[in-house]
Amino acid sequence: MELVDVPMARMDYVIPAASPDGSHAAWYSDTRSPDGGGTIRSASVHMGRRDGEPFFHCHGQWDVAGEGLKMGHLLPFDAEVAKPVEVAAIGLSGAILEVANDAETNFRLFAPVPRAPVSAGEAGGKAVLATVRPNGDICEQIEEICKEHGIGDARVVGLGSLIGADYEDGTHVTSYATEVMILDGRVSTGDAGPRARLDIALVGMDGGISQGVLVHGANPVCVTFELLILA
């Protein structure tokens, strides 16, 4: 789902932080609970299941009274919309995101799991639901997924974390853990095969927000990155 200008009665969130011990590469800050909620200006939400129940993963930017624009990871059970809203959403048949234990990162993370299509006769475009492991460059990993599944031109939506960031305008983010959402993701086909271009927004461990187009080949995944690639 894509959230735009959604008023929130409650909007508890966290940003990335250093791990309190050696069991994780990074962790979360103390919970931030703005008085009176706020307004989500833009956010990406991935719906799925955890322990058999509905669950979501959300990264976004929001206006907080007296604080201005903030960004972070919205807490699923500590968020409440102020009124009913309509949102844009993409439905996927044939797979679902399911929270599972991940031995590599020692987190419980969303992972794609195959499931029976809703309707064999239902028309729709081709899509790939994927999660990317740590340390690989996010653009190059998207390109490998596209090659594996025979995808050329595509739209990419998703959210995750990066180890810092390098933007095409020369800006560099030093925070070794970030929370990221893709604002505009595209894959185009050239002579060398698929080429990914990601315009993203992120928040670092200091709460600083940045935005821009990622340098190809210079932005490794920190913990995970959840992707929906739409051909």
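1. Among contacts in the protein chain between residues at least 6 apart in sequence, 65% join residues at least 24 apart. The model is a predicted one, and the points below should be read on that basis.

2. The protein chain has 1 helix and 16 strands. Its radius of gyration is 17 Å, close to the 17 Å that the globule rule gives for 231 residues, so the chain is as compact as a globular protein of that length. Taken along the principal axes, the box filled by the C-alpha atoms is roughly 50 × 45 × 35 Å.

3. On burial and surface: 48% of the 231 residues count as buried. The accessible surface of the protein chain is about 11400 Å², and carbon and sulfur atoms account for 49% of that surface.

4. Helix α1 spans residues 138-148. Its buried residues are Ile138, Cys139, Ile142, Glu143, Ile145 and Cys146. These residues lie on the same side of α1, because they cover an arc of only 160 degrees around the axis. A glutamate, Glu143, is thus listed as buried together with isoleucines and cysteines.

5. What lies over the buried residues of α1? The cover includes five strands: β9 (127-132), β10 (154-162), β13 (179-190), β14 (193-203) and β16 (221-230). Of these, β10, β13 and β16 are taken up again in points 7 and 8.

6. The two ends of α1 can be described separately. At the N-terminal end, aspartate 137 acts as a cap, with a side-chain oxygen 3.1 Å from the backbone nitrogen of cysteine 139. Cysteine 139 is also one of the buried residues of the helix. Just after α1, glycine 150 has a positive phi of about 65 degrees.

7. Strand β10 is mostly covered, with 8 of its 9 residues buried. β10 is antiparallel to β13, and the pairing runs over 5 bridges. β10 is also antiparallel to β16, in this case over 7 bridges.

8. Valine 156 serves as a reference position for both pairings. Its bridge partner in β13 is glycine 185, while its partner in β16 is isoleucine 229. Both β13 and β16 are among the elements that cover the buried residues of α1, as is β10.

9. For inspection of the region around the helix, the points to view together are the buried residues of α1, including Ile142 and Ile145, the strands that cover them, among them β9 and β14, and the pairings of β10 with β13 and with β16.

How values were computed. Residues numbered from 1 in each chain as written. Predicted model: local features only at pLDDT ≥ 70, side-chain atom pairs only at ≥ 80, totals over all residues. Heavy atoms only, no water. Buried < 20%, exposed > 50% of the residue type's maximum accessible area, 1.4 Å probe, protein only. Helix = DSSP H or I, 4+ residues; strand = E, 2+ residues; numbered from the N terminus. Arc of directions from axis to C-beta. Contact = heavy atoms within 4.5 Å. Polar contact = N/O pair within 3.5 Å; in protein donor to acceptor, adjacent residues only side chain to side chain. Rg over C-alpha atoms; globule rule 2.2 N^0.38 Å. Areas by Shrake-Rupley, 256 points an atom, 1.4 Å probe, with all protein chains shown as cover. Pairing = 2+ DSSP bridges.
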